[in-house]
Amino acid sequence: MKTLIKTVLDEYGWRYLEGEDSFKLDVDGENTSWTSFLKLEDDEVFSYYSVLPAKAEEDLINSISELLLKINYIIKIGSFEINLSDGAGRGQIMFKTYGLLPASLVKSNTSEASDLIRRTLAYNMLTMDFYSKSLLKAIYSGQIDLNEILNTSERGEQV
């Protein structure tokens, strides 16, 4: 699976650093740029995390958590997470998706497997980019307009 993932990343020109069982990608969206991580969980499953380039300060963590909960209700694939543990990562926001790539699919139909990887990554990137503008506005200004964010999503303007 790792070789196939590398092929897809190269095919689409996505810049990455390769680890033993992971890839780090730099993504440039329309609204912001961020770092993302693809991790091989086992022989058939990979996870893909996009990390928002700013953390929620302590006084906003509850409000941002509520916002993410409401966004997650709308999103069909994947979920936003916020790090609530103590330490340097507290307040970090990520969007997570998983891909299931059965070994039989990789062996029998490389183009279908490649498309599944590409679509999983692209959906994650598009979703992070779509919501990043509102999330960064909330983090930097402290203003959270739930109605604007949720109404935009419900009208189908989200990916």
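Thr35 stands opposite Val51 in strand E4, in a model that is predicted. Strand E4 covers residues 45-55 and pairs with E3 in the antiparallel sense over six bridges, and the two strands form a hairpin with four residues between them. The points below follow E3 to its other partner, then turn to the aromatic rings and to a pair of helices.

**Strands E2, E3 and E4**

- Strand E2, made of residues 22-28, runs antiparallel to E3 and is joined to it by seven bridges; E2 and E3 also form a hairpin, with four residues between them.
- Within this pairing, the bridge partner of Phe23 in E3 is Leu38, a residue whose side chain is among those that point to the buried face of E3.
- In a regular strand the side chains alternate between the two faces of the sheet.
- Strand E3, residues 33-40, shows such an alternation, with Trp34, Ser36, Leu38 and Leu40 pointing to one face and buried, while Ser33, Thr35, Phe37 and Lys39 point to the other and are not buried.

**Aromatic rings**

- A pair of aromatic rings is described by the distance of the centres and the angle of the planes.
- The count comes to six aromatic pairs, and one of them is formed by Tyr12 and Trp14, which are stacked at 5.5 Å centre to centre with 25° between the planes.
- Tyr12 has a relative accessible area of 41%, which means that this residue is partly exposed, because the partly exposed class lies between 20% and 50%.
- The rings of Tyr16 and Phe23 have their centres 5.5 Å apart, and their planes stand at 75°, so this pair is edge-to-face, given that planes over 60 degrees apart fall in that class.
- Tyr16 counts as partly exposed at 23% relative accessibility, whereas Phe23 is buried, with a relative accessible area of 1%.
- Phe23 also has Lys2 over the face of its ring, at 5.9 Å from the ring centre.
- Elsewhere, ring pairs link Phe80, Phe95, Tyr123, Phe130 and Tyr131 into a cluster.

**Helices H1 and H4**

- Two packed helices are described by the angle between their axes and the distance between the axes.
- Helix H1, residues 2-11, packs with helix H4, residues 110-141, at an angle of about 65° and with the axes 10 Å apart; the crossing in which H1 passes H4 is right-handed.
- Where they meet, Leu4, Ile5, Val8 and Leu9 are the residues from H1, and Thr110, Ala113, Ser114, Ile117, Arg118 and Leu121 are those from H4.

Technical notes:
Residues are numbered from 1 along each chain as its sequence is written. This is a predicted model: local features need pLDDT of at least 70, side-chain atom pairs count only at pLDDT 80 or more; totals for chains, interfaces and linings use all residues. Side-chain values use heavy atoms; hydrogens and water are left out. Rings of Phe, Tyr and Trp (its six-membered ring) pair if their centres lie within 6.5 Å; planes under 30 degrees apart count as stacked, over 60 as edge-to-face and the rest as tilted. Buried means under 20% relative accessible area, exposed over 50%, partly exposed in between (1.4 Å probe, protein chains only). A charge sits over a ring if NZ of Lys or CZ of Arg is within 6 Å of the ring centre and within 35 degrees of the ring normal. Two strands pair if DSSP finds at least two bridges between them. Axes are lines fitted to C-alpha atoms, for helices over the stretch in contact, and angles run from 0 to 180 degrees between N-to-C directions. A crossing is left-handed if the near helix is turned anticlockwise from the far one by less than a right angle, and right-handed if clockwise. Contact means heavy atoms within 4.5 Å.
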